[in-house]
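Got the viewer open? Let's walk through this one stop by stop, selecting as we go.

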Amino acid sequence: MRSGGHGCPRFLDGLPPWQAAAVVLAVSLGAAVVAEFVVLRAARRFVTRTETGLDEIALAELRVPLVTSLALAGVFVLTRIDGVVAAVPVSQAALEAFFGDPALTLVVLLWAWALNETVNRGVDYLQEQGARYDFAPVFSNVWTLVVAVGTVGTVLYIWSIDVTPLLAGAGVAGIAVGFAAKDTVANFFGGVALYFDDTYRVGDFVELDSGETGTVVKVGVRSTTLLTRDEVLVTVPNSVLNATKVINQSAPSRRRRVRVPVGVAYGTDLDRLEALLVDIAVAEKLVLDSPKPRCRFRRFGDSALEYELLCWVSSPTRRAKAVHRLNRSIHDEFATAGIEIPYPQRDVSVTGADPANATPQPSPASETAGGDGASGSAADADVER
């Protein structure tokens with residue numbers, strides 16, 4: 001079918017203006033109704049049978065912009081039909097400014113909002129699943145920024161606004177903002193670098209170079225938030241994390257080894273000791289069955305034979321509790337089995353002259369005392385003091 005002016009079907013030009021408008025509006029509204037009650041309902045029945053929830057999120061967020069776009073398409077097309085434009089007592093530019101451009105702008109805004117919400121909700125859904133996913137929360141922030149910039153540029157293009165002066169001003173403003181907010185920019189790119197390096201993700205238990213430990217609860221554009229074992233939130237700038245050593249104790253797997261040092265007295269039956277230590281670890285509920293617990297003879301100490309009990313727990317957050325319970329079990333079982341846990345002993349000897357044979361030294365006051373009574377009294381007083 002050939003097209004008439006402005007890309008519209010030519011057969012509409014042969015209809016009276018009111019009939020052409022009615023046909024266009026009926027087609028656009030009918031398409032919206034069909035999409036809402038036929039296409040989308042069929043799509044809902046289909047996505048409910050799938051195992052993932054991502055398709056349900058996409059369908060829920062894209063429904064409104066899809067139906068609205070079909071409904072407003074008729075309004076936009078009416079501003080492009082020559083017969084309808086000629087029948088309206090306003091210019092074509094005014095008609096587009098009051099009907100065409102606002103309708104197109106509304107469609108663009110709805111689609112931008114829907115796409116942004118689809119990605120953000122998808123990232124949240126993957127995060128709630130608890131699996132190692134390919135997206136990081138920082139991606140949501142980057143995606144929101146990209147969508148916002150693209151939407152502003154598209155709306156300016158629709159309204160035929162020249163963006164050249166804006167780009168020039170944005171360049172100058174960008175340089176000024178770059179110097180004023182260099183820390184923020186550094187944190188932003190630090191977060192992007194951490195994401196691509198896959199340093200950590202939400203839910204990981206990390207240890208910083210400063211000694212602080214905690215679970216990652218939020219990864220933002222500017223900073224990362226940790227929840228310590230004391231339930232205190234610690235916010236660390238991404239630029240700092242990107243420049244320091246970060247130990248991710250939850251990767252590549254969450255299980256972690258527990259080391260419990262044990263010292264026993266010289267002369268202890270080592271076969272009996274090793275069997276007892278392994279039995280203690282096997283009986284502990286926090287200790288994993290695989291890899292199997294074992295103990296190792298590390299060195300001959302000054303006062304003890306130094307052993308180390310090695311076992312595994314399911315997550316790094318259980319390590320401290322497992323060490324506590326293993327130490328208590330070792331103490332009780334050693335006391336029952338009569339195994340001695342030695343401690344360092346030191347013998348201190350004090351040498352010097354015998355106080356009974358010491359020669360008394362004359363008092364300085366008696367040596368300087370004269371023959372008069374006053375001086376003697378003063379010397380006696382000094383001796384008594």
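Start with the largest nonpolar core, which has 22 residues in this predicted model. Select Leu 277, Leu 309, Leu 326, Ile 330 and Phe 334: these have the most contacts inside that core. Now colour strand 6 (256-264), helix 9 (270-283), strand 8 (305-313) and helix 10 (319-337), since each of them supplies at least two residues of the core. As background, nonpolar side chains in soluble globular proteins tend to be buried together.

Zoom in on Phe 334. Ignoring neighbours within four places in sequence, Phe 334 is in contact with Val 262, Val 264, Leu 273, Leu 276, Leu 277, Ile 339 and Ile 341. Then look for a second, separate core of 11 residues, with Leu 194, Leu 208, Val 216 and Leu 226 among them.

Next stop: the sheet. Five strands form an open, antiparallel sheet in the order 4-3-2-1-5. Which strands stand at the edges? Pick strand 4 (233-237) and strand 5 (246-248): each has a single partner strand, so one side of each is left without a neighbour in the sheet. On average, and with direction ignored, neighbouring strands here are turned by 40° against each other.

Stay with strand 4 and add strand 3 (residues 223-227). The two pair in the antiparallel sense over five bridges. To find one of the partnerships, click Ser 223, whose bridge partner in strand 4 is Pro 237.

Now move to the loop between strand 6 and helix 9, where you'll find Gly 267. Is Gly 267 buried or exposed? It counts as exposed, at 79% relative accessibility. Draw a C-alpha to C-alpha distance from Gly 267 to Ile 339: you should get 10.0 Å, although the two are 72 residues apart in sequence.

On to the aromatics. Show the rings of Phe 297, Phe 300 and Tyr 307, which ring pairs link into a cluster. The structure holds two aromatic pairs. Phe 297 and Phe 300 are edge-to-face, 5.1 Å centre to centre with 65° between the planes. Phe 297 and Tyr 307 have their centres 4.9 Å apart and their planes at 5°, so this pair is stacked. Because Phe 297 lies in strand 7 (residues 294-300) and Tyr 307 in strand 8, the stacked pair ties together parts 10 residues apart in sequence.

Switch on a surface to check accessibility: Phe 300 counts as exposed at 61%, Phe 297 is partly exposed at 31%, and Tyr 307 counts as buried at 3%.

Last selection: Arg 255 and Trp 312. The charged end of Arg 255 sits over the Trp 312 ring, 5.0 Å from its centre.

Key:
Residues numbered from 1 in each chain as written. Predicted model: local features only at pLDDT ≥ 70, side-chain atom pairs only at ≥ 80, totals over all residues. Heavy atoms only, no water. Core = buried A, V, L, I, M, F, W, Y, C linked by side-chain atoms within 4.5 Å. Buried < 20%, exposed > 50% of the residue type's maximum accessible area, 1.4 Å probe, protein only. Helix = DSSP H or I, 4+ residues; strand = E, 2+ residues; numbered from the N terminus. Contact = heavy atoms within 4.5 Å. Pairing = 2+ DSSP bridges. Axes fitted to C-alpha atoms, helices over the stretch in contact; angles between N-to-C directions. Phe/Tyr/Trp six-rings, centres within 6.5 Å; stacked < 30°, edge-to-face > 60°. Lys NZ or Arg CZ within 6 Å of the ring centre and 35° of its normal.
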